[in-house]
Every structure is written in C-alpha cells, then in structure tokens.
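Trainee: I should like to take a close look at one part of this structure, namely its salt bridges. Would you please guide me through them in order?

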Amino acid sequence: MEALSVIFSIGPFGITRTVVTTWGIMLVLGVGSWLATRRLAVEQPGIIQAALEGVVQAIESAIATVLPERSTLLLPFVGTLWLFVAIANLIGLVPGLHAPTGDLSTTAALAIVVFLSVHWYGIRSAGLRAYLRHYLSPSPVLLPFHVLGEFSRTLALAVRLFGNIMSLEMAALLVLLVAGLLVPVPVLMLHVIEALVQAYIFGMLALIYIAGGMQSQAEQASTQTNKNGNTP
Amino acid sequence: MNIDWTTFGLEIVNFLALLWILKRFLYKPVLETLAQRRAGIDKTLSEAREGEIKAQGLQAQYESRLADWGKERAKARSELDTEIALERSRQMQSLAKELAEERARNAAVDAHWQQEMQREMETAALLQAQQFATKLLGRLASPTLESRMVDLLLEDWAKLPDQQISGLRAAAEDPALAVRVSSAFPLDEVQRGRIIEALNHRLGRPVEVLFEELPGLLAGLRISVGAWQLHLNFTDELASFAAGANHVDG
C-alpha cells in the first residue's frame with residue numbers, strides 16, 4: 001500500500017505519509033483555532049467566530065441528545081473525533097494528499113483510543129469496581145460475551161472507517177483513470193457526503209459506547225438503590 | 001490491510017495531542033465566550049426581572065398612592081363641601097338678618113312717612129277747617145252774638161276754679177297792672193260795667209280796665225291780666241282748635 005510508504009525515519013521509526021498528513025491536519029486545526037479564538041468578542045461576534053460557535057454548539061447539542069448531563073465533559077473528545085475524522089476523510093480529495101483514515105493504522109489507533117476512552121470515562125464516572133462489575137451483570141455467564149463485544153465493536157469501528165474511506169479513494173481513482181477529468185466530479189461529491197457521514201458515524205458510535213459505559217453504571221447504581229430501598 | 005505499529009502509535013499520540021490542542025485553543029475559549037455571553041444574558045435577564053419586579057413594586061406603590069390621593073381628595077372634597085355648606089348657611093342667615101333689618105327699617109320709614117303724610121293731611125284739613133270756620137263765623141259775627149258771648153265769658157269767669165283765681169289775684173297785686181279787654185265790636189257801657197264788676201269781684205280789688213276793639217277777633221272778648229289771658233272769641237278759639245289738634249298729633 002502506498003499509505004505505508006515511509007517518507008523519512010526518526011531513528012528506528014519510519015514516518016509514513018499518513019503521519020505527516022496527520023501532522024498537517026493537526027497544524028491546520030491548531031493554528032486555525034489559535035488564530036480564530038485570539039480575539040473572541042462576547043457582544044458582537046464576527047463571521048468566523050459565529051461559525052466556530054455554531055460548530056461547537058452543534059457538537060455539544062448532538063452530544064446532549066445522547067448524554068445531556070455530560071455534554072460538556074465529552075465535548076472535547078467527541079468533537080475532536082468528529083473534526084479530525086471529517087477533515088482526514090475529506091483531505092483525500094486534495095490532489096497529491098492521502099486520507100489518513102484510509103490507513104488501517106490510523107483507524108485502528110482511533111478505535112483503540114475510543115476503546116480506552118470508554119473505560120476511562122466509565123471508571124471516572126462510577127469507580128473501577130463498579131465499572132468492572134457491570135461486566136458481570138445481569139449474570140457472570142455473560143462476561144465472555146461482554147469482553148468479546150468490546151473487542152468486536154472496536155474492530156468494527158476501525159475496519160468500517162478504513163474500508164469506506166479506502167474504497168471511496170480507490171473508486172475515485174479508478175473512475176478518474178477510466179472516465180477522464182470531469183466525470184469523477186459527481187463521484188467526488190458522493191465522496192464528500194460519504195466522508196462526512198462516516199465521520200459522524202464514527203463519532204456517534206464512540207459517543208454511544210462511552211454513554212453506554214457511563215449509563216450502565218448509573219442504571220446499576222439506581223437498581224442497587226431500589227433494592228436497598230425495598231429491603232425491609 | 002497492514003498495520004504499521006509506528007504509525008499506529010504515532011496516530012494515538014497525534015490524536016491525544018490534537019485533543020489537547022483543540023481543547024486548549026478551540027473548545028475552552030469558545031465555551032468560555034459562550035458562558036460569558038450566557039452569563040451576560042442571564043445578568044441582563046436578571047436585571048430585567050429585577051427591573052420588572054421594581055417596576056411592579058413602583059406600580060403598586062403608585063396605585064396605592066393614587067388610591068390614598070383619591071381618599072384624601074374625597075375627604076378634602078367632603079370637608080370643603082361641609083365648609084361651603086356651613087359658610088352658605090352662615091351667609092344666608094346673615095343675609096336673612098340683614099333683609100329682616102332692612103325690612104324693619106323700611107317698615108319704620110314707611111310708617112313714619114305715612115304718619116307724616118297723615119299729620120300733614122290732618123294739618124291741611126284743620127287749616128282748611130279753620131279757614132272755612134273763620135269765613136263762616138266771620139259772616140255770623142254780629143254785636144248780638146258778641147253780647148251773648150260776653151254773657152258766656154262772664155259765666156265762665158264766675159266759674160273759674162279757685163286755683164286759677166288765686167294765680168290771677170297774685171298777678172293782680174302789681175299796682176301798675178292794667179287789665180286789657182279786647183272786643184271785636186264796641187262794648188256798650190252796661191257791658192263794660194258788668195265786666196269791670198266781675199273782674200273786681202274775683203280779683204278781690206278794683207283794677208284799671210282798658211277796653212279796645214280788635215275786629216280780628218270776629219266776635220267775642222279777650223281779657224289780658226298781666227301774663228294771663230282769658231278769651232272767648234272765634235279767632236282764639238279756632239287758633240286753639242288748630243293748635244290743640246297739632247299738639248295732639250305732635
């Protein structure tokens with residue numbers, strides 16, 4: 001795969017195009033955010049500030065629809081996922097650049113980050129013991145299935161994004177090679193939509209997994225409270 | 001489908017770094033700005049609510065004050081009406097009193113005027129009666145009538161009360177006293193003698209008697225004894241009648 005081609009090496013580590021593109025995305029997002037948020041006005045926001053506020057509020061409200069009471073806590077993680085995956089998906093449309101999410105290493109890394117964050121937020125929400133206990137409920141027999149589900153959904157998360165983006169890039173390349181310069185334009189429009197949809201799906205699934213981990217603790221605590229309350 | 005573990009690890013680090021960068025330079029400032037704006041909006045809303053509450057309080061206070069003013073106005077109006085009624089009653093009483101006094105004054109003036117008119121009319125009537133009687137008696141006057149009146153005078157002289165006679169006697173004590181007898185017609189000697197005898201008898205001593213004629217007496221006599229006068233003639237009787245009538249009226 002071309003995505004695995006090493007551009008340069010730092011010691012024993014070969015830096016691939018994927019990593020370089022990711023750095024570029026990080027640079028653009030970081031510098032852009034810094035420039036855009038240097039002089040935020042409370043009273044009369046400019047167009048860029050209004051757009052930024054709109055994006056942040058849209059992300060926050062999307063999170064609030066799933067987990068209303070924790071939207072501010074999850075906003076940085078889920079928002080960063082959405083922004084990064086969307087830009088990483090779309091950047092493949094720029095000639096000469098490769099979408100980092102078309103590399104399984106990136107999607108696997110993101111899936112692992114989501115996997116770890118689910119546990120991080122779950123343990124942070126209810127404590128380690130209470131969080132681990134939910135794997136044994138409603139019955140310890142279901143523990144292997146819970147564990148299998150954790151890994152399978154992480155794997156699905158990584159492979160889904162990788163497969164969609166890689167196939168989109170490949171299809172666009174084939175159409176460009178076969179049909180000429182202007183014909184792939186509709187395909188590229190489809191690419192934009194698909195890239196945004198995949199970013200939304202990835203972020204929303206991550207959000208649902210995290211919310212599931214946090215809410216299962218809450219439900220367990222609620223059930224325990226009810227049992228204690230009903231006990232004479 | 002190969003995984004480059006270096007890329008895998010770097011991508012994890014990259015994502016975490018990007019998470020920190022965006023959290024530091026995007027989410028935090030934007031959320032703070034939104035929070036400040038919400039705080040400003042909340043503050044404005046709070047101030048608006050406070051203003052509304054204050055306005056409602058002021059409105060209630062204003063309405064209460066208006067109600068108080070209304071009560072005070074009604075009370076003042078009632079007091080003013082009472083005061084006006086009292087003042088009106090007082091002035092009406094004063095006016096009625098003045099009118100009564102004016103009526104009484106006018107009634108007194110009218111009564112006085114009527115009395116004056118009546119007196120003037122009576123005076124005029126008496127004067128006319130005197131003039132009429134003077135003319136009538138002037139035509140009736142004659143020596144015979146006068147002789148009869150001399151008889152009557154002498155009868156009256158003889159019947160004068162002792163009190164008057166004593167006064168006449170006191171006046172007649174003056175040696176220089178001369179008794180004057182005036183008559184409308186000339187008296188004969190007999191009549192003069194009877195008169196002198198009667199005077200001397202009642203005055204208690206002989207007195208000088210002077211006889212004179214006064215046609216103005218119409219008929220009858222007038223006897224003057226010092227300051228005293230005895231008369232029985234038409235002129236003096238009519239004058240006494242008129243003077244007596246005036247004296248009675250006055």
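Mentor: Let us begin with a definition: a residue is called buried when its relative accessible area is under 20%, exposed when that area is over 50%, and partly exposed in between. Please keep in mind that the model before you is predicted. A search of the whole structure finds eight salt bridges over all chains, and three of them are described here.

Consider B:Glu87, whose relative accessibility of 32% makes this residue partly exposed. Its partner in a salt bridge is B:Arg90, and the closest N and O atoms of the pair are 2.4 Å apart. B:Arg90 also counts as partly exposed, at 48% relative accessibility. Both B:Arg90 and B:Glu87 belong to helix α1 of chain B, where three residues, about one turn of the helix, separate them.

Chain A offers a pair of a similar kind. There the side chains of A:Glu150 and A:Arg153 form a salt bridge, with 3.1 Å from N to O. Helix α6 (residues 143-179) of chain A holds A:Glu150 and A:Arg153; because they are three residues apart in this helix, about one helical turn lies between them. With a relative accessibility of 9%, A:Glu150 counts as buried, whereas A:Arg153, at 24%, counts as partly exposed.

The next pair links two strands. B:Arg180 and B:Glu212 form a salt bridge in which the closest N and O atoms are 3.5 Å apart. B:Arg180 lies in strand β1 (residues 178-183) of chain B and B:Glu212 in strand β2 of chain B, so this salt bridge ties together parts that are 32 residues apart in sequence. B:Arg180 is partly exposed at 38% relative accessibility, and B:Glu212 is partly exposed at 29%.

Beyond strand β2 (208-213) of chain B, the loop that leads to β3 (220-225) contains B:Leu218. Phi of B:Leu218 is near 70 degrees, a positive value in a residue other than glycine. At 17% relative accessibility, B:Leu218 counts as buried.

Finally, return to helix α1 of chain B for charges of another arrangement. A:Arg124, B:Lys23, B:Arg24 and B:Lys28 gather on the surface in a patch of positive charge. Helix α1 (residues 5-140) of chain B gives the most to this patch, with three residues. B:Lys23 has its place in that helix and is partly exposed, with a relative accessible area of 47%.

Methods. Residues are numbered from 1 along each chain as its sequence is written. Chains are lettered from A and ligands numbered from 1 in the order in which they are written. This is a predicted model: local features need pLDDT of at least 70, side-chain atom pairs count only at pLDDT 80 or more; totals for chains, interfaces and linings use all residues. Side-chain values use heavy atoms; hydrogens and water are left out. Patches are made of residues with over 30% relative accessible area and no salt bridge: like charges are joined within 9 Å, nonpolar side chains (Val, Leu, Ile, Met, Phe, Trp, Tyr) within 5 Å. Accessible areas come from the Shrake-Rupley method with a 1.4 Å probe; for residues, only the protein chains shown count as cover. A salt bridge is a side-chain nitrogen of Lys or Arg within 4 Å of a carboxyl oxygen of Asp or Glu. Lys and Arg count as positive and Asp and Glu as negative; His and the chain ends are not counted. The place of a charge is taken as NZ of Lys, CZ of Arg, CG of Asp or CD of Glu. Helices (H or I, at least four residues) and strands (E, at least two) are DSSP runs, numbered from the N terminus. Buried means under 20% relative accessible area, exposed over 50%, partly exposed in between (1.4 Å probe, protein chains only).
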